[in-house]
Amino acid sequence: MTEMMKTQAGDAGAFRDFDPGRVPSPCFVVDKAAVERNLSILKDVSDRSGARILAALKAFSFFELAPLVRDYLHGTCASGLYEAKLGHSHYGGEVTTFCAGYKDSDMEAILELSDHVIFNSPSQKERFIGQLKAHPRSIHAGLRINPEHSEGEVAKYDPCAPCSRLGFPVSQLTADIMEGLEGLHMHTLCEQEFEPLKRTWDSVKEKLAPYFGQLKWLNFGGGHHITRSDYDREALIAFIRDIREETGLDVYLEPGEAVALDAGILIGEVLDLPRNGMDLAITDISATCHMPDVIEAPYRPQMMQEVEEGHLYRFGGPSCLAGDVIGDYALAEPLRVGDRIVFLDQGHYSMVKTNTFNGVPLPAIALWDSRTDDLKMVREFGYEDFLNRLS
Ligand SMILES: Cc1ncc(COP(=O)(O)O)c(C=O)c1O
């Protein structure tokens, strides 16, 4: 973890061989080989530990690759009705839905699509559990607990921060609250190694032990950087095997980032090169529209072309927002208008977060396979996409 919240693995990998001029600008390019590499690591963890692994659609909903994801993982985890629909219709397998607050009007459809429905509070559970139990399909009810054990460094990304609205405080759990539940869920990590998971489990294990007998599963959420080269996967596998053996419960993981880590880039173009106290580069990539986590997290995405020392530019988008700044980057050669630039590790939490503020066009989406060099333009967006979100 850096002092900024979101780290960036930023390994250009095979993208070094991709000519950014092959696609329109701006454009996300996903390398199928890199996604498959991540999926095969996750499947290996699943096979050897017995964990059931679900892809978190909130991080990476590139459904063009849904058939590939289905070959490796057990299903998807959804954040509400729309992702549950996407998971059910395109990915198949199990669908686990967690939402901090369900609406009456969505619940029937959510039950239709989900295998596990996880509640954020006892009051949501009380409101909907009758409907869940009455459903003709067997659907498991779960409760998200707040382990009250912080491993996050930034409150915005720490579901165990004081007064967090995410998860029911584990210290307040009672047999009455647990009535009717088949599973417990906890999601407390963000881009983290194995040790924080182990410490979190150690902090809650004794408090949960009285309920193991009534439960069928434990879900450890996402935030596990399992596919990062320095992640201690052997320790994770041993940990899951031990828990399964000790508790007799199924163990679920819901990685998002780990599915798409280092598997996508965002290509843009330099539009103008003004100067105001320093060299500036206006691009057709907007931080606020295309990589909002750059501002929200915040973090500085790595650029493929950057060098340690060279011509320094401040890159920013075409929008009116003064803070639509991507970051400062040094380049070996001075830029020219029309040059292509490439931001690394943009497969997750960028494509799913784009918007058309200022009428800024959405990036196209392309699928490349670094093994074969095959390139497919999956989707291009236009004025209609902007118009259809407004009225
Ligand atoms: C409940 C839940 N599950 C899974 C995830 C996926 O996390 P990540 O993409 O960090 O692995 C998140 C992310 O916020 C989450 O809130």
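**Strand pairing, ligand shell and internal cavities**

In this predicted model, strand E13 (residues 306-316) is joined by 7 bridges to strand E14 (residues 325-331), and the two strands run antiparallel. Within this pairing, His311 has Leu331 of E14 as its bridge partner. Strand E13 also pairs with strand E12 (residues 280-283), here in the parallel sense and over 3 bridges, with Ile282 standing opposite Gly316 of E13. Strand E13 thus takes part in a parallel pairing with E12 and in an antiparallel one with E14.

The ligand is surrounded by residues drawn from several parts of the sequence, namely Ala56, Lys58, Ala59, His185, His187, Gly222, Gly223, Glu254, Pro255, Gly256, Glu257 and Tyr349. By residue class, this shell divides into 4 nonpolar, 5 polar and 3 charged residues. Polar contacts to the ligand involve both side-chain and backbone atoms of the protein: an N or O atom in the side chain of Lys58 is 3.0 Å from an oxygen atom of the ligand, while a backbone N or O atom of Gly223 lies 2.8 Å from a ligand oxygen atom. A nitrogen atom of the ligand, in turn, is found 2.7 Å from a polar side-chain atom of Glu254. Of the 390 Å² that the ligand exposes when taken alone, 87% is buried by the protein.

A search of the whole structure for enclosed space returned 2 cavities of 30 Å³ or more. The largest cavity, with a volume of about 50 Å³, is lined by Met186, His187, Thr188, Leu189, Pro196, Leu197, Thr200, Phe220, Gly222 and His224. This lining is made up of 5 nonpolar and 5 polar residues, with no charged residue among them. His187 and Gly222, which appear in the lining of this cavity, are also listed among the residues surrounding the ligand.

The second largest cavity holds about 30 Å³ of space, and its lining consists of Ala55, Phe60, Val69, Tyr91 and Val259. In this case the 5 lining residues are nonpolar, and neither polar nor charged residues contribute. The linings of the two cavities therefore contrast in residue class under the grouping applied here, with polar residues present around the largest cavity and absent around the second largest.

Technical notes. Residues numbered from 1 in each chain as written. Predicted model: local features only at pLDDT ≥ 70, side-chain atom pairs only at ≥ 80, totals over all residues. Heavy atoms only, no water. Pairing = 2+ DSSP bridges. Helix = DSSP H or I, 4+ residues; strand = E, 2+ residues; numbered from the N terminus. Near = heavy atom within 4 Å. Polar contact = N/O pair within 3.5 Å; in protein donor to acceptor, adjacent residues only side chain to side chain. Areas by Shrake-Rupley, 256 points an atom, 1.4 Å probe, with all protein chains shown as cover. 1 Å grid on protein atoms, 1.4 Å probe; cavity = no way out; pocket = protein on both sides within 12 Å on 5 of 7 lines; lining within 4 Å. Points joined across faces, edges and corners; volume = space filled by probe spheres on them.
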